[in-house]
Amino acid sequence: KALEGLGLPKPNPFVPEDLSLRAPGKATGLGSAPQELIGLTRTAPIISKAFHRQDDHFSQPKSIVAFEIQSPAAAHDALSCLKAQVWCSCIVEELNEYAYDASQAGLSYRLSGSETGMTLLLSGF
C-alpha cells in the first residue's frame, strides 16, 4: 500500500533530453582564447558580442552567458544605484521558486547591480 502524500516529483523541464556533444571543429588546443562568432561583426556601434570555445579537455557541454546592462540612470547617484540593487534583489526573490528546478538541473543565474547598471550571468550544462 502506497503511503499517502508520497510520490514522484513532477518532471523537471530544465533537464535536457539530448546530451550528445557536437563534434569539435578545428582543434583549438588547451588554453586557446574563445573565438568571436562570425556574422555578428558590424560597422555600426557594437552593442553585443558573442564568443565560442569548444571544451576540448573535459568534453562538457557547458555554457556561460553574461549580460552587462548599462544604464546611466542606475549609476547616476548613490540612491539610483541602491534602487537598482534593490530591484535586482526583488527580481531574484521573485524567481527563486521557479529557479529551484533549474538549479537542480545544474543551471544557475545571478542578477546584481553594478557600477554601470546591472549584470545578468547565466551558466550551466
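Which strand gives the most to the nonpolar patch? The legends below take us there, starting from the whole chain.

**View 1. The chain as a whole, with one helix and five strands.** This is a predicted model, in which local features need pLDDT of at least 70 and side-chain atom pairs count only at pLDDT 80 or more, while totals for chains, interfaces and linings use all residues. Residues are numbered from 1 along each chain as its sequence is written, and side-chain values use heavy atoms, with hydrogens and water left out. Helices (H or I, at least four residues) and strands (E, at least two) are DSSP runs, numbered from the N terminus. Follow the sequence and you will meet the pattern β-β-β-α-β-β. Of the 125 residues in the chain, 10% are buried; buried means under 20% relative accessible area, exposed over 50%, and partly exposed in between (1.4 Å probe, protein chains only). Taking contacts (heavy atoms within 4.5 Å) with a separation of 6 or more, 58% join residues 24 or more positions apart. The chain has an accessible surface of about 10,700 Å², and carbon and sulfur atoms hold 60% of this. Accessible areas come from the Shrake-Rupley method with a 1.4 Å probe, and for residues only the protein chains shown count as cover.

**View 2. The nonpolar patch on the surface, formed by V65, F67, I69 and L122.** Here is the reply to our opening question: strand 3 (residues 63-70) gives the most, with three residues. Together the four side chains' residues offer about 300 Å² of accessible area. Patches are made of residues with over 30% relative accessible area and no salt bridge, with like charges joined within 9 Å and nonpolar side chains (Val, Leu, Ile, Met, Phe, Trp, Tyr) within 5 Å. A salt bridge is a side-chain nitrogen of Lys or Arg within 4 Å of a carboxyl oxygen of Asp or Glu. I69 sits in strand 3 and counts as partly exposed because its relative accessibility is 40%.

**View 3. V65 and its partners in strand 5.** V65 belongs to strand 3, and its relative accessible area of 33% makes this residue partly exposed. Opposite V65 stands L122 of strand 5. Once neighbours within four places in sequence are set aside, V65 is in contact with L120, L121 and L122. V65 and L120 are 55 residues apart along the chain, yet their C-alpha atoms are separated by 8.2 Å.

**View 4. Strand 5 (residues 117-124) with strand 3 and strand 4.** Two strands pair if DSSP finds at least two bridges between them. Strand 5 pairs with strand 3 in the antiparallel sense over eight bridges. With strand 4 (residues 108-114), strand 5 also pairs in the antiparallel sense, over seven bridges. Strand 4 and strand 5 form a hairpin, with two residues between them. Look for S114 opposite G117, and for R110 opposite L121.

**View 5. S80 in helix 1 (residues 78-104).** Is S80 buried or exposed? S80 counts as buried, because its relative accessibility is 18%. Its side chain makes a polar contact with the side chain of D77 at 2.8 Å. A polar contact is a pair of N or O atoms within 3.5 Å; within protein, one must be able to donate a hydrogen and the other to accept it, and residues adjacent in sequence count only if both atoms are side-chain atoms. Beyond its neighbours within four places in sequence, S80 is in contact with A73 and A74.
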